[in-house]
Amino acid sequence: MISPKAKAWSKKKLGARVAKRLPFPLRAYRLLTRAGAPFADMLLKRRLKRGKEHAVRLPERRGESKLERPPGPLVWVHGASVGELTAVLPLIERIRSRDFTVLVTSGTVTSAGIAEKRLPPDVIHQFVPLDVPKFVERFLDHWKPSLGLFIESDLWPNLIMTSADRRIPLILINGRLSENSFKRWKWASRTIATLLSKFDLCLAQSADDGARYAGLGAPRITTTGNLKLDVPAPPADEAKLKALKEAIGKRPVIAAASTHPGEETAVVDAHRRIKGSFPGLMTIIAPRHPDRGSGITEIARQAGLNSARRSRGELPDPLTEVYIADTLGELGLIYRLAPIVFMGGSLVPHGGQNPIEAVKLKAAIMHGPHVSNFAEIYSELDAAGGAEMVSDASKMAVRIGAWLKDDDARTAVAEKGIRSMDVLTGALERTVSALDPYLMQFRLEGRPSDA
């Protein structure tokens with residue numbers, strides 16, 4: 001029987017041999033991040049001042065945890081932020097149903113807030129450690145994951161390489177790689193090929209994504225579809241929804257969701273153009289980053305419109321024309337209130353935001369021309385007549401006005417949107433099928449992986 005010390009020595013030697021074969025950029029990255037460890041606290045304090053860290057949970061960013069690791073196999077799911085975390089909520093539920101402990105890591109304060117609200121109590125959430133070798137090692141020493149699932153493209157080199165060195169199976173799920181990202185990575189083909197080679201399996205959203213991953217050296221690629229299409233409609237607090245409905249009454253309502261800088265001006269301008277034709281019209285603006293609420297208030301003020309901010313506990317009154325929903329996790333409320341929704345990140349060259357949740361809550365969708373992040377979804381929606389592209393405030397105003405005047409036309413657009421999504425669903429079942437062989441093996445073993 002091999003002693004734990006001998007195992008550790010063997011793994012150390014294996015890691016050293018692997019490190020010698022690493023491309024120069026990865027070797028340099030490892031050296032720099034190792035040397036930069038003493039400055040981690042300075043970085044974290046700076047981020048904390050900017051509201052990008054959670055004060056009480058800073059130790060998690062150094063790989064430390066106050067929580068004990070539960071016994072038995074543990075599936076580790078990592079996603080960068082809110083969108084990725086929301087996309088895998090049904091998958092997490094399916095893994096839980098097989099009696100596995102699930103550890104979820106993410107890197108943003110907003111994602112931690114969503115995790116607190118929407119993850120089941122027995123699912124553990126931790127902030128992902130900074131990609132510093134000793135922090136990563138500390139994290140892996142404590143949690144000893146049996147399997148690592150990385151969502152989309154949040155690929156931290158030390159986290160991936162150290163996990164692979166410890167023989168932790170890694171799977172890329174819901175993989176998405178834009179053409180622009182593919183072209184950028186081609187300039188560092190050996191580096192990305194080395195990272196992707198650490199994954200046992202790559203589950204791509206589309207055939208095009210799969211082809212791009214293959215072109216960069218990813219092994220064992222399977223097209224499973226987009227998990228975001230299988231996400232259920234977002235929840236809404238019934239009491240809060242009732243309070244908002246009572247405050248709004250029978251006024252016509254439209255919404256702009258997950259907006260980015262530059263888009264709120266267009267939305268406010270569209271409102272100003274048509275408000276005379278629709279007495280009592282109210283526009284709800286939910287910025288992608290809630291800390292921009294005060295700036296949106298100023299945009300409304302300069303347009304001569306009365307506004308109120310949800311982050312201050314304000315409800316709209318009869319004079320409120322622009323209601324700024326600068327809070328987290330409340331899109332479920334907004335989509336239930338507004339039958340017309342403009343999806344942000346699309347009038348500016350950001351790539352668009354995910355329209356699926358709004359579609360599932362029967363909203364007629366508008367979007368700008370920049371939707372590369374969800375090109376397949378918007379293409380299907382537009383082709384089916386379930387959404388319409390608007391290029392500026394003028395066209396936005398025309399479309400809003402037409403849909404407000406014709407309830408039947410607006411309802412038809414919403415119904416076409418729902419039907420068009422049926423073509424693209426099924427990613428959850430295909431992903432679970434791909435993971436099942438791994439889960440069955442760990443259930444039979446009934447123990448954490450060696451670390």
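Colleague: Which residue in β3 is the bridge partner of S106?
Modeller: This is a predicted model, in which local features need pLDDT of at least 70, side-chain atom pairs count only at pLDDT 80 or more, and totals for chains, interfaces and linings use all residues. Residues are numbered from 1 along each chain as its sequence is written, and side-chain values use heavy atoms, with hydrogens and water left out. Strands (DSSP runs of E, at least two residues, numbered from the N terminus) include β2, residues 101-106, which four bridges join in parallel to β3. In β3, the partner of S106 is F127.

Colleague: Which strands are the edge strands of the open sheet β3-β2-β1-β4-β5-β6-β7?
Modeller: Two strands pair if DSSP finds at least two bridges between them. The sheet has seven strands with parallel pairing. Those that pair on one side only are β3 (124-127) and β7 (221-223).

Colleague: At what angle does helix α8 run to β5?
Modeller: Helices are DSSP runs of H or I, at least four residues. Angles run from 0 to 180 degrees between N-to-C directions, with axes fitted to C-alpha atoms, for helices over the stretch in contact; contact means heavy atoms within 4.5 Å. Helix α8 (157-165) lies across β1, β4 and β5, and its angle to β5 is about 140 degrees.

Colleague: Why is one side of β10 and of β14 left without a neighbour in the sheet?
Modeller: A second open sheet has the order β10-β11-β9-β8-β12-β13-β14. β10 (307-309) and β14 (387-389) stand at its edges, so each has a single partner strand.

Colleague: Which residue in β11 stands opposite I284?
Modeller: Strands β9 (282-287) and β11 (322-324) pair in the parallel sense over three bridges. Opposite I284 stands Y323.
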